[in-house]
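Here is a short note for a colleague who is new to this structure. Please read the points with the structure open.

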Amino acid sequence: VALFSNFQRQRIGTTRDDSVKQSSVGIYGENATQWLEKFRTVAGLRYDWYNFDVNSSLAVNSGKTSDGIVSPKLNLIFGPWAQTEFFVNWGQGFHSNDARGTVIRVDPATGLPADRVTPLVKSRGQEVGIRTQIIPGLQSSLTFWELKLDSELLFIGDAGTTEASRPSKREGIEWTNHYVHESGWLVDAQLSASRARFADSDPAGSHIPGSVNRVASLGVTYDPGAHWFGGVQFRYFGPRPLIEDNSVRSRSTGLWYLRGGYRFDKTWTVRLDVFNLFNRKQSDVDYYYPSCIRSDGPGCSAAGGVDDIHFHPVESRSARVSVTARF
């Protein structure tokens with residue numbers, strides 16, 4: 001995992017170059033109990049252990065560390081009534097921080113002392129919802145949820161790493177649908193809207209850079225179980241704030257995918273996948289931080305760079321042919 005300085009696409013320097021080994025073990029147990037005809041619970045307990053081993057080009061930033069965390073979970077399910085049930089879920093989880101940040105001592109870009117991050121960061125979530133199959137062939141669920149994290153991850157472009165940021169609270173709604181018709185048609189549709197904010201107070205603002213607040217996908221597949229099959233899918237990601245005060249936002253991203261195939265028999269299948277079907281020029285991810293390009297002028301570096309949007313483009317239209325044999 002490395003960050004290099006480049007000029008006209010030629011490497012001219014190294015900010016950092018790290019070899020990272022990360023291993024983990026998880027143990028999980030659960031108990032499902034049917035208390036009443038229309039009420040059951042599922043209680044779970046999970047333990048995760050992570051080990052980080054970093055060998056850095058800066059010897060002072062090399063090291064090993066490990067951490068463990070316990071995550072309890074509880075689900076309450078009521079029903080079914082008319083093929084419909086209600087649920088209330090609560091649980092704790094975690095996210096792991098950048099392995100390099102768990103052993104860091106100095107900032108590789110500035111040489112100044114740097115604070116280490118907690119390897120595993122606790123999260124707490126809860127949701128209430130309904131799922132139903134009252135319409136023949138359709139499985140549908142509607143969920144209202146909330147998630148709190150002890151700290152967010154913030155990407156630092158100049159150092160090529162992430163650092164622990166402020167605590168956060170996210171809340172939203174999700175609507176999921178899966179329809180199967182006996183003729184071979186399948187339709188999947190998902191909609192999600194959320195609100196993400198930092199939980200503490202800071203003059204910089206409360207928006208979480210890079211948090212997506214609207215997501216949607218629609219897929220239609222035809223697969224009657226005969227020789228030919230195919231489908232199309234659309235995925236949409238809404239605009240995202242790129243800075244805490246929400247004054248700079250990314251554009252939305254919407255991509256189409258196509259799949260078609262032919263089964264020769266029970267053993268052999270050939271399939272064609274086309275990604276980014278309409279060859280859209282969009283971003284996979286966007287960041288906002290200072291940098292310098294030629295048009296910024298010779299004084300840009302001395303001034304600390306110019307704030308601008310940096311992006312990773314989506315892959316251009318591509319196709320993949322695969323042949324599968326099942327025995």
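1. A definition comes first. A charge sits over a ring if NZ of Lys or CZ of Arg is within 6 Å of the ring centre and within 35 degrees of the ring normal. Arg 11 and Phe 4 fit this: the charged end of Arg 11 lies over the Phe 4 ring, 3.6 Å from its centre. Please keep in mind throughout that this is a predicted model.

2. Asn 6 belongs to strand β1, residues 2-7. Its relative accessible area is 48%, so Asn 6 is partly exposed. Beyond residues up to four places away in sequence, Asn 6 touches Arg 11 and Ile 12. Asp 286 is 280 residues from Asn 6 along the chain, and their C-alpha atoms are separated by 20 Å.

3. Next, the aromatic rings. How many aromatic pairs does the count come to? The count is 10. Tyr 50 and Phe 52 are one such pair: the ring centres are 6.1 Å apart and the planes are at 25°, so the pair is stacked. Tyr 50 is buried, at 13% relative accessible area. Phe 52 is buried as well, at 0%. With Phe 94, Tyr 50 and Phe 52 form one aromatic cluster.

4. Trp 228 and Tyr 262 make an edge-to-face pair, because their planes are at 65°, with ring centres 4.7 Å apart. This pair links distant parts of the chain: Trp 228 is in strand β13 and Tyr 262 in strand β14, 34 residues apart. Trp 228 is exposed, with a relative accessible area of 60%. Tyr 262 is partly exposed, at 21%.

5. Now the nonpolar core. In soluble globular proteins, nonpolar side chains tend to be buried together. Here the largest nonpolar core has 7 residues: Tyr 50, Phe 52, Val 54, Ile 69, Ala 99, Val 103 and Leu 120. At least two of them come from each of β3 (39-56) and α1 (99-103). β3 gives the largest share, 3 residues. Outside its neighbours up to four places away in sequence, Phe 52 has contacts that include Lys 21, Gly 63, Asn 97, Ala 99 and Pro 119.

6. Salt bridges number 14. In one of them, Asp 48 pairs with Arg 46, the closest N and O atoms being 2.8 Å apart. Asp 48 is buried, at 4% relative accessibility. Arg 46 is partly exposed, at 32%.

7. Arg 170 and Glu 152 also meet in a salt bridge, at 2.9 Å from N to O. The two lie 18 residues apart, Arg 170 in strand β10 (residues 168-180) and Glu 152 in the loop between β7 (138-149) and β8 (153-156). Both Arg 170 and Glu 152 are buried.

8. Arg 271 and Asp 273 form a salt bridge of 3.1 Å, N to O. Arg 271 is partly exposed, at 26% relative accessibility, whereas Asp 273 is buried, at 4%. Shared partners join Arg 259, Arg 271, Asp 273 and Arg 320 into one network of salt bridges.

9. Last, a charged residue without a salt bridge. Glu 244 sits in the loop between β13 (228-237) and β14 (253-263). Which side chain of opposite charge is nearest to Glu 244? That is Arg 166, 5.1 Å away; Glu 244 is buried yet has no salt bridge. The cut-off for a salt bridge is 4 Å. Leaving aside neighbours within four places in sequence, Glu 244 is in contact with Arg 166, Phe 198, Ala 204, Gly 205, Ser 206, His 207 and Pro 209.

Note on methods:
Residues are numbered from 1 along each chain as its sequence is written. This is a predicted model: local features need pLDDT of at least 70, side-chain atom pairs count only at pLDDT 80 or more; totals for chains, interfaces and linings use all residues. Side-chain values use heavy atoms; hydrogens and water are left out. Helices (H or I, at least four residues) and strands (E, at least two) are DSSP runs, numbered from the N terminus. Buried means under 20% relative accessible area, exposed over 50%, partly exposed in between (1.4 Å probe, protein chains only). Lys and Arg count as positive and Asp and Glu as negative; His and the chain ends are not counted. Contact means heavy atoms within 4.5 Å. Rings of Phe, Tyr and Trp (its six-membered ring) pair if their centres lie within 6.5 Å; planes under 30 degrees apart count as stacked, over 60 as edge-to-face and the rest as tilted. A nonpolar core is a set of buried Ala, Val, Leu, Ile, Met, Phe, Trp, Tyr and Cys residues joined through side-chain atoms within 4.5 Å.
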